[in-house]
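Subject: Structure for you to look at, with notes

Dear colleague,

I am handing over the structure that we spoke about, and I would be glad if you could read the notes below with it open beside you.

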Amino acid sequence: MLFPTIDFAIFFAVAFTVNWLLNPYAGWWKLSMIGLSYVFYGWVGWSYCLLLLATTVVAFAGGQLVTIAPTQRGRRLAMAFSVAALLGILGWFKYYGFVSVNVDNVLHGVGMGQAVPLFQVGLPIAISFFTFMAISYVVDVYRGTLHPARPLDFAVYLSFFPHLLAGPIVRGGELLPQIRRRRDGDAIDYSRAFWLILAGLFKKVVISSYVASAIVTPVFTSPGQHSAPEAIFAAWGYAVQIYCDFSGYTDIAIGLALLLGFRFPINFNAPYTARNLQDFWRRWHMTLSRWLRDYLYIPLGGNAGSEAQTIRNIMITMVLGGLWHGAAWTFVIWGALQGVGQSVGHLRRLSRTRRGLPAVAEGPVRIWVQRVLTFQFVCLGWVFFNASSLSQAFAVLGRVFTGWGEASPLVTPLLALTVFGTLLAQFVPPISVSRLQASFSRQRTAIQVGFLGVALLGITTFGPVGVAPFIYYRF
Amino acid sequence: MAEREFVMADVADPPAAAPQREDATGSNGRRPPPPDRRARARWTRVLGLGAGAFGVWLLLFAPTLQHNAQVSPVGTRRTVSLDLVGPIAALSRSLQLSHLVSATGRSNRLPGGTEGLIAVGPAVHDSRNARQQEVPGATTTTTVPPNPKEPTAAAPLRVLIVGDSVGLDMGGPLQSDLASTGVVNAALDARESTGLTRPDYFNWPAELTSDMRTAQPQVVVVMIGANDAQDFLGPPDVPYGSPRWNGLYAQRVSQFMQIAGSSGALVVWVGMPPMQNPGLNAEMADVNTIDAQQAAQATPPVHFLSTDKSLGTAQGGYTAFVTDAGGQIVNVRTPDGTHLTPSGGQVAAQQVVAALQGLGYHIP
């Protein structure tokens, strides 16, 4: 079920009411949330619910096995087996097609025929998100940082509909305690929740949709036929599109959770204000970044070893992070670019430290140059991220160098205003948003209702007919 | 254990004492600094606020919702939507509230897709590439139209590609391939969720007529039909699959072919590929059969291209993987079992180009 639909609005009205009516009755509340979340997930295909159920059973059993294993070796084996099973499910659905086609093409090339059977495996929505949450639960229990959950608590944790489809990737330590305790239905932070939901809808339905149709889709569909300014704006535009799409989803998810009495971790923090790639990854899809850090980068050794090992660990982490997004070479290149960028930054910092060089003066010019360069590098990566093939990505990039002197009818003042306005909005002082929310909460009920209704009208009026699924649904 | 610097992503939740903020666009970021002056509310009040806001929006937006329901596929959902929204839309109109939305032109939006005709490739001049040629022995020059089968950069072949979302999957690569030859001006107009059975939703004959006027094509490539296995709206409704439906659909296909070929353009009609869903596959087989019959009866004949084997098994069944012209195994179908991947679109595009070459068009 998509958030920006009437179906979901009706669903949420029911879920909200059930949530608070059953709040005093923990058992019934959990059962109802599980039921509602499965209805939410199964809206597009009930078979997917079996997969969610299977993942829940495997991860919960893994946590129990880890707990009851009498020896450290047994605990380790139980954890490894559970994680392997979860990754196996993910691998089958997400990577089998990619791997089998590539292996068969290699074998075919050396005259060995097609050794690997080809199947088209449908990719269940959100499988990457709930698999990562399930893995983090098992590993946290193994590490002793999390007590094993009760069955119903765990089922709510994994399936809770506000985060189910595209995150944030919430840890057990963050959500399970909130599930266990009763929430306060008399103190809902509704002005922040409504703000987040409206802002998320506006970003997704209006900004992201407009930029996609105005520049990104036309240029990426036939890059050879567009000018250099159009190719550049397509890359910048995609940066805006994916930010508004994904952070819009996250805003709505966090807002919905707030209305239900839950707090989710933040997932974006003005990412295009970043001054280097490391900074960017502290601000972009933060819950994935910390997952990769805690469950992949550090277990690989982090930067505790030699420089070469650190670079290796960064590259492995980012390339696998790229592959997490999708089974395609474009994502591999995107991840590798992130890894190379971070490695270069790491080596530069290390070099300065070793040479005992003083800190560089942080003037505004230097800061803005860093921001602009970081943004351009991020956009370079986005070209590969959005392209359907490597050749398409290179075709778009090629136009940046060869498409000068041609007409650029797609680069309109409205497009430029939208792109630059969205980027500059990240620098607006956050206190103003807080003041707006506080001001809203002090208004009379009739004014609040009118404002919310008209804001919704504006969003639906200026959005397209029908809303495309969120980009991150397919991850 | 040595202390580790988190190089790649030191993004743990900020410490409680760290300053937090939101970015101005909403989220994201950091929570507002204390003191928090926002009032909290009981859940029943929040429910009332939400319901009230939804009610205001519904009252203002009901006419558009009614329009959207009217043009949606026939079925229970459409019927229920119309029944529910109808009275609210009537109230909205009687209160003159609908003007608020109609003033924005919202109801005039078109279905997604290319959202219009996009032409790429060598420029086509107003003279439509007629070239001046001196006739030996004559004292005057005469205008000779260029041979469309021998296109040049100065006199490019004008190709128009139209279709639904599957047509878009094929049309994008085809347009790109043709335009990159430097001797073809390729125009693409493809619309998602459209077809020939629901002109109330999108009027393809009118659109094609307009496209023909704008692009003045010498070749028209059509790939349409994926959404056509549905009832014709009446009154009276004509149920899909009935003999009357088959006759009406054949008429619409024939009319579409006539418009496409009206200026003497060669019409290439690309059939729907095999579908993974058995029901949809059977429906598309019926649509293809009607298309092929009408193509054979058209005057001049329309060239029907079946994709059953190029995008299917040797027996014409569904498969997601085929071997392309380069000998590589490629995944040609998206996971929905209906649409084409970029590789699938490329395979179909290459089939069209090969067909044009087979018909004598010199396309490099």
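The notes that follow deal with strands and a loop residue in chain B, and then with a pocket and a cavity.

Please keep in mind throughout that this is a predicted model.

Strand 5 of chain B

I began with strand 5 of chain B, residues 184-190, where 7 of the 7 residues are buried, so the strand is largely enclosed by the rest of the structure. As a reminder, in a regular strand the side chains alternate between the two faces of the sheet. In strand 5 of chain B, Val184(B), Ala186(B), Leu188(B) and Ala190(B) point one way, while Asn185(B), Ala187(B) and Asp189(B) point the other way, and all of them are buried. Strand 4 of chain B, residues 157-163, runs parallel to strand 5 of chain B and is joined to it by 7 bridges, and among these pairings Gly163(B) has Ala190(B) as its bridge partner. Together with helix 4 of chain B, residues 165-180, strands 4 and 5 of chain B form a β-α-β unit that is right-handed.

Strand 7 of chain B

Strand 7 of chain B covers residues 266-270, and because 5 of the 5 residues are buried, it too is largely enclosed by the rest of the structure. From this strand Leu266(B), Val268(B) and Val270(B) point one way and Val267(B) and Trp269(B) the other way, with all of them buried. Strand 7 of chain B pairs with strand 6 of chain B, residues 219-223, in the parallel sense over 4 bridges, and Val267(B) is the bridge partner of Val220(B). Between these two strands the chain passes through helix 6 of chain B, residues 243-261, in a right-handed β-α-β crossover.

Strand 7 of chain B is also joined by 3 bridges to strand 8 of chain B, residues 303-305, and these two strands run parallel. Here Trp269(B) stands opposite Phe304(B), and helix 7 of chain B, residues 278-297, completes a right-handed β-α-β unit with strands 7 and 8 of chain B.

Thr341(B)

A residue you may wish to look at is Thr341(B), which sits in the loop between strand 10 (329-331) and helix 8 (342-358) of chain B. Is Thr341(B) buried or exposed? Its relative accessible area is 11%, which is under the 20% cut-off, so Thr341(B) counts as buried. A polar atom of the Thr341(B) side chain lies 2.6 Å from the backbone oxygen of Asn331(B).

The second largest pocket and the largest cavity

The second largest pocket has a volume of about 810 Å³. Of the 22 residues that line this pocket, Arg275(A), Asn276(A), Arg348(A), Arg349(A) and Gln370(A) are the closest to its centre. Helix 11 (277-283), helix 14 (329-354) and helix 15 (364-386) of chain A each give two or more residues to the lining, and the largest share, 8 residues, comes from helix 14 of chain A. By class, the lining of the second largest pocket holds 7 nonpolar, 7 polar and 8 charged residues.

A search of the whole structure also finds 2 cavities of 30 Å³ or more, and the largest cavity has a volume of about 40 Å³. The residues lining this cavity include Pro271(A), Tyr272(A), Phe280(A) and Phe375(A), and the largest share of the lining, 4 residues, comes from helix 15 of chain A. The lining of the largest cavity divides into 6 nonpolar, 1 polar and 1 charged residues.

With best wishes

Definitions and conventions
Residues numbered from 1 in each chain as written. Chains lettered and ligands numbered in written order. Predicted model: local features only at pLDDT ≥ 70, side-chain atom pairs only at ≥ 80, totals over all residues. Heavy atoms only, no water. 1 Å grid on protein atoms, 1.4 Å probe; cavity = no way out; pocket = protein on both sides within 12 Å on 5 of 7 lines; lining within 4 Å. Points joined across faces, edges and corners; volume = space filled by probe spheres on them. Nonpolar A, V, L, I, M, F, W, Y, C, P; charged D, E, K, R; others polar. Buried < 20%, exposed > 50% of the residue type's maximum accessible area, 1.4 Å probe, protein only. Pairing = 2+ DSSP bridges. Right-handed = clockwise from strand over helix to strand, strands pointing away. Polar contact = N/O pair within 3.5 Å; in protein donor to acceptor, adjacent residues only side chain to side chain.
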